[in-house]
Amino acid sequence: MNRLKELEKIKFGKRYTIYSSKDGQPCMDHDRADGEGAGPQEYTALKLKVLEWAPDAEAALKQKIPEDSSVFFVPATLRAETMYGQTCCFVGPKIKYGVFKIKNNEYFVMTDRAALNMSYQGVFPESGIVDKVAEVIGSTFVGTLVNAPLSIHKEVRILPMESVLPTKGTGVVTCVPSDSPDDYVTAMDLAKKADYYHIKKGWVDLEILPLIQTPSYGSLTAKFLVEKLKISSPKDTKQLEVAKELAYKEGFYQGVMCYGEFSGDKVEVAKPKVRQQLLDSGNGFAYAEPERQVVSRSGDECCVSLMDQWYLDYGEDSWRKQALVHLNNKDGEGLNTYSKETKNGLEGVLNWLNQWACARTYGLGSKLPWDPQFLVESLSDSTVYMAYYTVAHYLHADIYGKNPGLAGVKPEQMNDRVWDYVFARRDIKDDVLEEINISKEVLDSMRREFEYWYPLDLRVSGKDLIPNHLTFFLYIHIAIFPPEYWPKSIRANGHLLLNGEKMSKSIGNFMTLDDLVGKYGADASRIALADAGDGVADANFEEDVADATVLRLFNLREWCEEQVRNKDTLRTGTQNDYLDALFRNEMRGLVHEAKKHYEDTNYKLALKSAFYDFTTARDFYREQCAAAGIKMHKDLIFLYIELQALVLTVIAPHWSEYIWLEVLDKPSTIQNELYPEVPLPKASLTASREYVRATSSNITSAEAAQQKRKAKGKDISYDPKKPKKLTIFVADEFPAWQQKYIDLVREAWDPETKTLSDKELNGKIANMGEMKKAMPFVQALKKRLMAGEKPTVIFERKLAFDEMAVLRNMIPGLKKAAGLAEVEVVQHAESAVPGVPTFSFKNI
């Protein structure tokens, strides 16, 4: 904290903060039961002076306020630049409003909630105390005449609006029908049904003044959008929400003022000028409230207070830019966030986060060094503790800090200058060493520990901490440490569901880690957790997966034991260039796939490659060998068992340890082994394997389809019960139409980054008018490129393997698997495409 203050990252001054009147102090994120992440929303409050009371209002307030008093309705707006076009002022007819004495003969009409906020913002004479002289239902005020500051219509009426919320703003809403779709629709509705609402049509039927010129919606944005979206009533809430969003974005970012002193200015430029004009004239004042409901852990609904505070100046321009550059990671030396959602989340917070109160009056926390009446707020006190972990064992031997650590030093010896040296921020002088009485050798050892472990390679946390802790963690590291010690990566994860539902003790859908391990064992639990999902989306732990995993692990262990026990029955000698080569190549590919997924912390995908796909590769090899009438090769089976244990150790260490020591009889624990290093898979063999699987599956599916037809009484070309022949038709050349799409893919392919410009490519394909036919072909080309096939082979329209040779190797297996008497391969077939054969059955 001292160093942050020296760097002018911590400042003191008046600022808006979420505040608990019950607790008597700011209510920061981790002090809240509800509303985490919500901050103050600042408005411009307008003072609309009452000129003439409606009869009912006059009667209700008689003898409650002096006759010569000044009473103001106080709407709060985010769009000060539109106040030139006020045509009326809305109240909720069923809302209870208070009339509050502000000073002498000045009174405000607003909700109790707004009054509470203002009482902590210097509006009332005493902080936290309001003087409420009357309470009136909103409908009583309808018809009251008020003055509208800045408006072309100097005098406007108080009118009813059913959609006014007592929990938003002051409960009083000024009406600008030119640019607010809600206001426009309500005004039109009031004008049409004046008798129903017990008002005079002339009170609402005023000229709508064009204020802002927009490129898409003209100068009467609200009218345009209401008509375009066919909004006919204030009850069309969904369409109105869409219209409101469109109106605000277009108006603020692209709108130009076309009325008033700042006509010709862009809205984003004019907005603060008009606001200041209102503040300077005394016709408005600053008002703030929580952007949504915030409830403290003590059960208090919080307000916003304007108070003197120590705060971290997050959002300061140069500091924010440093953080954004590190986050964007353009040079590969910045922050890895593993997912776009996490990166976008952090970027969004960096772009809006501003001054954060870093002190409070009581609770848990360290005392603020230079102002000990305050404690450091918990989130501000937990940003660089991981640096402390690197040397904690030197300072204390237990987690409570009661027993001295390796250095044998006391807390008071570790002053700021010592920490600067340990954390590689600056050198240390001899006079400091004498003062603290710690040897240079000990400090050097501590500094080496820090330099060894830092920068922090990975910070894992929940997605709910992106708006606060993780962003603070990033900011403070950037402020305190040199760039070489800034965090390398942040991995944010979602919450955990159980069987597709949120965990809840009340409904019995709840399980602790102890329950989990007791029920399924450690490895099955870990596999089911890995399978639950990655990323910021909520993961889903399925008990069915854990159940199935127990059996899967047991069966795989038994199979491995059986192969080792019967190793002499396996084939030995030279490995063949078909099934053996395909299996060996597939294992290599899966080892590399799993490693990449582990590095990216994508454990669900890693599990798929390291366990499910590994098992599938073994099954395919076993089945194909059986179909071809040959034994599996001993060396490949032992390689499989070894690689399976190694790649699965990350997720299922106990199962892997058993296989390693008890089944393979290795001399020491698998925990001492490195991740396996294997050659890269050959693209030609990978393509061959995919071809074999696809072709085998297509033949089986085609035969099954024929048998279904026969079962329905339809004629087919052969009798399944009699000996049958399979004819496979193979093509030598690709269809001519494909060449133009190959040329397009060649143009879009970047050999350096190994990526395609999909947007540009898809646009060109769409323009050719053959999207349905072309896209599957283009996607197949892309898949081959991404799999590592040589671009020259793909673009020269060659398969990565010898199709005829692979088919000849497949014949024995096809005969046995499909019960075929004969298999014939026919070349030069027009009905096929290279890599995609066609086939027919007939009796012989």
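How many of the 10 residues of strand β19 are buried? The legends below accompany close-up views of a predicted model, and the opening view takes up this strand.

**View 1. Strand β19 and its antiparallel partners, β1 and β20.** Strand β19, which spans residues 303-312, is mostly covered, with seven of its 10 residues buried. Strand β1 (residues 10-20) pairs with β19 in the antiparallel sense over 10 bridges, and within this pairing W310 of β19 is the bridge partner of F12. Strand β20 (residues 356-357) also runs antiparallel to β19, to which it is joined by two bridges; here the bridge partner of Y311 is A357 in β20. In a regular strand, side chains alternate between the two faces of the sheet.

**View 2. The open sheet β26-β25-β27 and a nonpolar surface patch that includes L496.** Three strands form this open sheet, in the order β26-β25-β27 and with mixed pairing. The edge strands, each of which pairs on one side only, are β26 (501-502) and β27 (539-541). Between β25 and β26 the pairing is antiparallel and extends over two bridges, and K502 in β26 is the bridge partner of L497. L496 lies in strand β25, which covers residues 496-498, and together with L513 and L529 it makes a nonpolar surface patch of about 260 Å². Because its relative accessibility is 35%, L496 counts as partly exposed.

**View 3. The salt bridge between D420 and R3, and the network to which both residues belong.** A search of the whole structure finds 49 salt bridges. In the one shown here, between D420 and R3, the closest N and O atoms are 2.7 Å apart. The pair links distant parts of the chain, since D420 is in helix α13 whereas R3 is in helix α1 (residues 2-6), and 417 residues separate them in sequence. Both D420 and R3 are buried. The network of salt bridges in which they take part also links E6, R425 and R426.

**View 4. Two further salt bridges, D317 with K321 and D531 with K604.** Side chains of opposite charge can pair when their charged atoms come close. In the pair formed by D317 and K321, the closest N and O atoms are 3.2 Å apart; both residues lie in helix α9 (residues 317-328), four residues apart, which is about one turn of the helix. D317 is partly exposed, with a relative accessible area of 45%, and K321, at 48% relative accessibility, likewise counts as partly exposed. In the salt bridge between D531 and K604, the closest N and O atoms are 3.8 Å apart. This pair links distant parts of the chain, with D531 in helix α18 (residues 522-531) and K604 in helix α21 (residues 603-628), 73 residues apart. D531 has a relative accessible area of 17% and is therefore buried, whereas K604, at 35% relative accessibility, counts as partly exposed.

**View 5. Backbone details at L150, A424 and the Y454 to P455 peptide bond.** L150, a residue other than glycine, has a positive phi near 75 degrees. L150 is placed in the loop between β12 (145-147) and β13 (155-160), and its relative accessibility of 25% makes it partly exposed. A424 also has a positive phi, of about 55 degrees, although it is not a glycine; A424 is found in the loop between α13 (416-422) and α14 (430-436). With a relative accessibility of 13%, A424 counts as buried. The peptide bond from Y454 to P455 is cis, with omega near 10 degrees, and P455 is found in the loop between α15 (440-453) and β23 (459-462).

**View 6. The assigned domains and the annotated segment at residues 730-786.** The domain assignment of the protein chain gives domain 1 (40-290), domain 2 (312-493), domain 3 (522-535 + 537-681) and domain 4 (701-843). The C-alpha centres of domain 1 and domain 4 lie 68 Å apart. An unreviewed UniProt entry places the feature "domain: Leucine--tRNA ligase RagD-binding" at residues 730-786. Over these residues the chain is 65% helix and 7% strand, with the end C-alpha atoms 25 Å apart.

Definitions and conventions: Residues are numbered from 1 along each chain as its sequence is written. This is a predicted model: local features need pLDDT of at least 70, side-chain atom pairs count only at pLDDT 80 or more; totals for chains, interfaces and linings use all residues. Side-chain values use heavy atoms; hydrogens and water are left out. UniProt positions are given in the numbering used here, feature names are shortened, and annotations may be inferred rather than shown by experiment. Patches are made of residues with over 30% relative accessible area and no salt bridge: like charges are joined within 9 Å, nonpolar side chains (Val, Leu, Ile, Met, Phe, Trp, Tyr) within 5 Å. Accessible areas come from the Shrake-Rupley method with a 1.4 Å probe; for residues, only the protein chains shown count as cover. A salt bridge is a side-chain nitrogen of Lys or Arg within 4 Å of a carboxyl oxygen of Asp or Glu. Buried means under 20% relative accessible area, exposed over 50%, partly exposed in between (1.4 Å probe, protein chains only). Domain bounds come from an automatic or database domain assignment. Two strands pair if DSSP finds at least two bridges between them.
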